[in-house]
Amino acid sequence: MNNYLQILEDSLKKKLAILEQIEEKSQEQALMLRDSDVSLQQIDENMDAKARLIEELELLDNGFEGLYEKIREELLPQKEQYREEIQRLQKLIAQVTEKSASIQALEARNKAEIELVFSREKKKLQSNRNALSVASNYYQNMNKVKNVEPQFLDRKK
């Protein structure tokens with residue numbers, strides 16, 4: 001039983017470390033979004049890195065839940081015997097929950113910022129399309145002007 005509890009504790013420590021990495025990436029993203037010269041590629045790379053970390057987190061979470069379900073029935077009758085280990089696990093779970101809440105708040109702020117960045121980029125694209133359209137129309141009209149026949153003829157001979 002001690003080995004299982006140690007595995008659960010290690011899993012929670014790894015989960016906390018991954019959450020800290022996700023928080024760092026989210027803070028990097030917040031800084032990027034405040035920069036007016038940020039490229040969409042930089043934002044995309046940051047989001048990909050966070051997605052990989054989240055996948056790792058989900059694997060750890062699934063493993064933790066599976067192991068806990070496996071030992072729960074044996075652990076509950078003996079919880080006084082493993083009181084210290086359970087308290088350490090509870091403390092780690094509280095830290096994980098706190099870190100998760102902090103990340104969720106940061107991500108909510110980032111979402112609002114990223115919507116502004118996307119809106120700004122969309123306006124730039126529309127402006128570029130309009131400029132291209134105007135230039136194309138101008139070019140077509142100028143090509144027609146070259147082939148205009150004289151309008152007035154002097155018929156005096």
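A nonpolar core is a set of buried nonpolar-type residues, from Ala, Val, Leu, Ile, Met, Phe, Trp, Tyr and Cys, joined through side-chain atoms within 4.5 Å. The views below come from a predicted model.

**View 1. The largest nonpolar core draws on three helices.** This core has 20 residues. Those with the most contacts inside it are L5, L8, L12, I18 and I22. Helices α1, α2 and α3 each supply at least two residues of the core.

**View 2. Contacts of L5, a residue of the largest core.** L5 is among the residues with the most contacts inside this core. Neighbours within four places in sequence are left aside here. Beyond them, L5 is in contact with I71, L75, Y82, E85 and L89.

**View 3. A second core, separate from the largest one.** This core has six residues. Among them are M32, L33, V38 and I43.

**View 4. V38 in the loop between α1 and α2.** V38 is a member of the second core. Its relative accessible area is 7%, so V38 counts as buried, the cut-off being under 20%. Not counting residues up to four places away in sequence, V38 touches M32 and I43. L19 gives a sense of scale for this view. V38 and L19 are 19 residues apart in sequence. In space they are 25 Å apart, C-alpha to C-alpha.

**View 5. S11, a buried residue of helix α1.** S11 is found in helix α1. The relative accessible area of S11 is 12%. That value is under 20%, and therefore S11 counts as buried. With neighbours within four places in sequence left aside, S11 is in contact with L60 and F64.

**View 6. The largest pocket and its lining.** About 240 Å³ of space lies in this pocket. The lining is made of 13 residues. Closest to the pocket centre are Y68, L75, I86, L89 and Q90. Two of these names return from View 2: L75 and L89 are also in contact with L5.

**View 7. Helices and residue classes around the largest pocket.** The elements that give two or more residues to the lining are α1 (2-34), α2 (40-75) and α3 (83-146). Helix α3 gives the most, with six residues. By class, the lining has nine nonpolar residues. Two polar and two charged residues are also part of the lining.

Technical notes:
Residues are numbered from 1 along each chain as its sequence is written. This is a predicted model: local features need pLDDT of at least 70, side-chain atom pairs count only at pLDDT 80 or more; totals for chains, interfaces and linings use all residues. Side-chain values use heavy atoms; hydrogens and water are left out. On a 1 Å grid over the protein atoms alone, a cavity is a set of points where a 1.4 Å probe fits but cannot get out, and a pocket is an open set with protein on both sides within 12 Å along at least five of seven lines; lining residues have an atom within 4 Å of a point. Grid points are joined across faces, edges and corners, and a volume is the space filled by probe spheres set on the points. Helices (H or I, at least four residues) and strands (E, at least two) are DSSP runs, numbered from the N terminus. Ala, Val, Leu, Ile, Met, Phe, Trp, Tyr, Cys and Pro count as nonpolar, Asp, Glu, Lys and Arg as charged, and the others, Gly among them, as polar. Buried means under 20% relative accessible area, exposed over 50%, partly exposed in between (1.4 Å probe, protein chains only). Contact means heavy atoms within 4.5 Å.
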